[in-house]
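Please open the model in a viewer and keep the sequence alongside. The tour below proceeds by selections, each followed by what is to be found there.

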Amino acid sequence: MSTQDNATWIEKDYKQLHPTYHPKSHANPLVIERGEGVWLHTADGRKILDGMAGLWNVNAGYGREELAKAAYDQMKELAFTSNFSGMTNLPSIQLADKLAGFAYEGLNTTFFTSGGSEANDSAFKTARYFWKRKGKPGKYKVIARNGAYHGITLAATFATGLEKYKTMFGPAVDGFVHIPAPNPYRYEGDVKPGETVGQAAARALEEAILREGQDTVAAFIAEPVMGVGGVIVPPADYFPLVRAICDKYEVLFIADEIITGFGRTGEWFALKHWNVKPDILCFAKAITSGYAPLGGMQISDAIRETMETAADTEAWMTGYTYSGHAMACAVGLKNIEIMEREEYPKRAREMGKRLFDGLNSLKEFPFVGDVRGLGLVYGVEIVSNKEAKTADPATTTRIFKAAQEHGLRTRPLGSTLAFSPPLSIAEDEVDEIIKRLGAAMDGIR
Ligand SMILES: Cc1ncc(COP(=O)(O)O)c(C=O)c1O
């Protein structure tokens with residue numbers, strides 16, 4: 001139990017800056033003291049079902065002894081040492097070995113970071129470097145999608161396709177181009193007669209490559225299921241077409257699987273749903289279920305071979321102090337062991353179906369416009385007019401707040417409420433999400 005009252009904690013909390021908040025609007029935060037399974041306990045004695053698994057990452061749920069012990073044991077043995085050239089450590093060797101080919105065949109080399117933004121940043125640098133080594137230094141641009149979220153380093157910010165993350169930090173970093181996302185509910189691009197949304201959105205990629213010039217485009221980056229942009233699941237024909245276009249124009253395909261990796265969508269990695277393989281894979285979040293900060297990228301064997309053509313004297317000049325952090329990698333290894341033992345892709349499919357059915361039952365509310373998702377990640381789009389699909393962020397925020405009053409944590413993303421609970425969630429806890437959300441919506445009606 002907390003040694004101070006909630007108000008004192010909140011007063012002291014003013015001494016830190018929080019991500020993506022106006023300091024004044026952070027007046028009444030939930031002060032979380034403890035977590036257990038899917039439940040969060042606050043300093044003022046409330047118990048809240050975490051329908052977001054933190055930030056889409058606490059797949060194994062809170063309070064896992066095994067993960068705490070893995071961290072403790074490794075910290076006693078060796079918490080950290082440099083992983084820069086000339087040194088390495090056992091957990092990072094073991095984790096890279098475990099990850100070789102784990103997500104996609106032919107992606108056997110891992111570079112570790114502390115989180116997702118750094119992973120994407122590293123992928124952009126790697127793509128640029130790859131083309132330089134191939135004798136095409138003019139290929140530096142990255143094509144991304146509107147609505148994408150790729151993180152908050154300067155490059156990841158401008159790869160992101162959500163304006164509010166960018167306006168206060170301009171001028172824009174050069175070389176990022178955006179195209180429409182394959183959103184089947186409200187596609188913003190043009191669709192030709194006879195074309196599917198997937199075909200139209202893929203055509204937008206081809207047109208962008210031609211417009212920018214094939215010789216200037218290094219890579220295309222996409223989240224297989226867009227998260228912060230509103231949980232957008234692409235039509236099935238989209239990614240196979242994207243892969244073919246990337247191959248045709250010599251553009252590397254970077255998969256940002258920072259949310260979708262490690263079982264969330266019902267496959268270990270999400271492009272598997274469409275039988276597609278990226279050239280670079282970025283991961284973070286659920287690799288440790290949030291128990292330690294860790295991310296990274298995996299590169300294809302072809303990229304690795306190209307990097308190896310550099311002169312012996314030319315080192316790959318990038319890396320973080322915490323690349324290959326021994327404790328974080330030990331936690332990652334133990335967490336993957338748990339996720340395999342508890343069959344998380346299968347659980348995501350089973351619990352996801354239950355959640356999907358439950359969320360669909362809420363379509364009786366006049367403001368529930370769309371329910372979409374894959375595995376155990378869902379978005380419920382709130383509209384003021386179902387026919388016209390009029391986005392309604394204000395009502396979305398009201399439902400979010402009401403749900404919190406009913407002890408359910410979700411996340412408002414524009415006019416979409418997101419659900420991404422721990423994959424360890426039990427059936428009755430999935431039902432609790434629906435019960436609490438339904439009660440919150442009842443109060444709004
Ligand atoms: C798809 C995606 N990419 C990148 C990031 C950035 O990761 P991080 O916050 O660990 O830097 C996030 C974070 O939410 C994300 O959802």
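In which sense do strand 1 and strand 2 pair, and over how many bridges? Select residues 32–36 and 39–42 of this predicted model: the two strands are antiparallel and are joined over 4 bridges. Within this pair, Ile32 lies opposite Thr42 of strand 2. Move next to the hairpin between the two strands, where 2 residues separate them and Gly37 adopts a positive phi near 60°.

Extend the selection to strand 3, residues 47–50, which pairs with strand 2 in the antiparallel sense over 3 bridges. Here His41 faces Lys47 of strand 3. The hairpin of strand 2 and strand 3 has 4 residues between the strands, and Gly45 in this hairpin has a positive phi near 85°.

Turn now to the open sheet of 7 strands, whose order is 4-10-9-8-7-5-6 and whose pairing is mixed. Strand 4 (107–113) and strand 6 (176–179) occupy the edges; each has a single partner strand, so one side of each lacks a neighbour in the sheet. On average, neighbouring strands of this sheet are turned by 25° against each other, direction ignored. Inside the sheet order, select residues 252–256 and 280–283: strand 8 and strand 9 run parallel and are joined by 3 bridges. Ala255 stands opposite Leu281 of strand 9.

Finally, select the ligand. Which residues surrounding the ligand are the closest? Of the 16 residues around the ligand, the closest are Gly115, Gly116, Ser117, Gly151 and Ile258. Helix 5, residues 116–133, supplies the largest share of this shell, with 3 residues. By class, the shell comprises 6 nonpolar, 8 polar and 2 charged residues.

Notes: Residues numbered from 1 in each chain as written. Predicted model: local features only at pLDDT ≥ 70, side-chain atom pairs only at ≥ 80, totals over all residues. Near = placed C-beta within 6 Å. Nonpolar A, V, L, I, M, F, W, Y, C, P; charged D, E, K, R; others polar. Pairing = 2+ DSSP bridges. Axes fitted to C-alpha atoms, helices over the stretch in contact; angles between N-to-C directions.
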